[in-house]
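Trainee: Please take a close look at one helical part of this model and what surrounds it. Plain description is enough.

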Amino acid sequence: MKQHYTFKEHFRINKRDFVEFVNVPLDGDLLAFICPFLIANNREEEIVDRIYLQLEHFFINLNRNYVVPNDRKNGLIFLSELHEPNEYHLGYSGTNKGKAIANEKAEIIFDSLRRNKLAKQGITISNEAHNILLLVEGIGQDLMSDTISNVCRNIFAEFTENQCMKHKIQTFKTKVRYYNSTTGKWESKDYNLPQYKGKRIILVPKYIVSGGRAYSTRYNYFISSHYISKDIMSNKIKVKNDKIVTTIKDGTKKYIVKEIYKTYGKPKSGLVDFVLEYQGSLQDFLDYCKLHFPALDLDNIVEE
C-alpha cells in the first residue's frame, strides 16, 4: 500500500508541534499557492520583504529589457529558467514536467505581459507580482506561484536550511537555481536541503500561502461596492439595471452590490480601465485583502 507521508510525519516532528512552514504531503502536492498579495501585505517580516524585493527586481528587469522593447526572443530565454518547481509540493499535481513546461510558461508570461496595456507601456505597477496576478490576463494563481518559487528559490532554500537545523533534520548539499537581483541574472548556489526518496524538498513559510482565489472577481466586487455604488448614489452613473437600487420602508435607497457587479463588472482584461478610472483603488484593494483574505489555515490540514 502506498504511503502518503507529510513532511512532519516523515521527519518525525510531533503532530502537535507548531512549525513555521507549510506541512506538505511528500507523495503528492497540496492544493495551495504562494500568494503575492500575502507577500505584499507581510513585508514587516524580513524574509517576506526579501521575497517582495527580489520579485520586484525580476519583473522590472523582464518588463524594462524585454516586454517594453518587445524583445520576445531574448525574453523567452530569460524566462526559460521557470521550471516546474516540484520540490515545493504545492499547486496542481500533474505528470507533465520538465523543459516543455518551462517553455510553455515562458511564452504565456511574456505574451500575456506584452498584451497588457500597463506592462507594455512600462507603468510601474506592472512590476509588482500581486498587480500582475490581478490585472494580466493569462497569468493565474498557479503560474504566479510557480514563478515566485523559481525566482526566490534561494530565499526559500535558506528558510528550509534554518528549519532543518531547528528540527534536527538531515540535509544534503544541493545546487539551487534562482534569480540574483544584484546581478540581474539566473545563478546557482549550494544549499543544504532535506530529501525524500532521493529528491530535494524546499519549504515555504505558512503566512504567504493561500488556497484558490479569484482576485479579479474580488476586485470587481470591491470596485462595485466601494466606488461604482457611490457614483450611482451621487448620480454620476446612470443606472442600467432596475434591480441595482432598492428603496427600503423608511425611504432610504440601498444599492445591491451583486447587481452592480453583474451590470458593471469587467473581465480580467478590462480591469485596467477600473485602475485608470479609480485612482488609488489598487492600494485600497491591497489593504482590503490584508483584512479579509488571510493566509490559508494549514494547521493539520494534510494530517487529518
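Mentor: In α8, the buried residues (under 20% relative accessible area, 1.4 Å probe, protein chains only) are Q141, L143, M144, S145, D146, T147, I148, S149, N150 and V151. Helix α8, a DSSP run (H or I, at least four residues) covering residues 141–151, is thus mostly covered, with 10 of its 11 residues buried. The model is predicted, so local features need pLDDT of at least 70 and side-chain atom pairs pLDDT 80 or more, while totals for chains, interfaces and linings use all residues. Numbering starts from 1 along each chain as its sequence is written, and side-chain values use heavy atoms, without hydrogens and water.

Helix α10 (residues 215–233) has 19 residues and should span 27 Å at 1.5 Å a residue (times one less than the number of residues); its end C-alpha atoms are 26 Å apart, which agrees. A kink of about 40° is centred on S224 in α10 (the angle between axes fitted to the seven residues ending there and the seven starting there). S224 is itself buried, as are Y215, Y219, F222 and Y227, among others in α10. Just after α10, N235 takes a positive phi of about 65°.

Those four aromatic residues of α10, Y215, Y219, F222 and Y227, belong to a cluster linked by ring pairs (centres within 6.5 Å), which also includes F37, F274, Y278, F285, Y288 and F293. Two of the cluster's rings carry a charge over the face (NZ of Lys or CZ of Arg within 6 Å of the ring centre and within 35 degrees of the ring normal): R218 lies over F293, at 4.2 Å from the ring centre, and K266 over F274, at 5.2 Å.

Conventions. Helices (H or I, at least four residues) and strands (E, at least two) are DSSP runs, numbered from the N terminus. Buried means under 20% relative accessible area, exposed over 50%, partly exposed in between (1.4 Å probe, protein chains only). Rings of Phe, Tyr and Trp (its six-membered ring) pair if their centres lie within 6.5 Å; planes under 30 degrees apart count as stacked, over 60 as edge-to-face and the rest as tilted.
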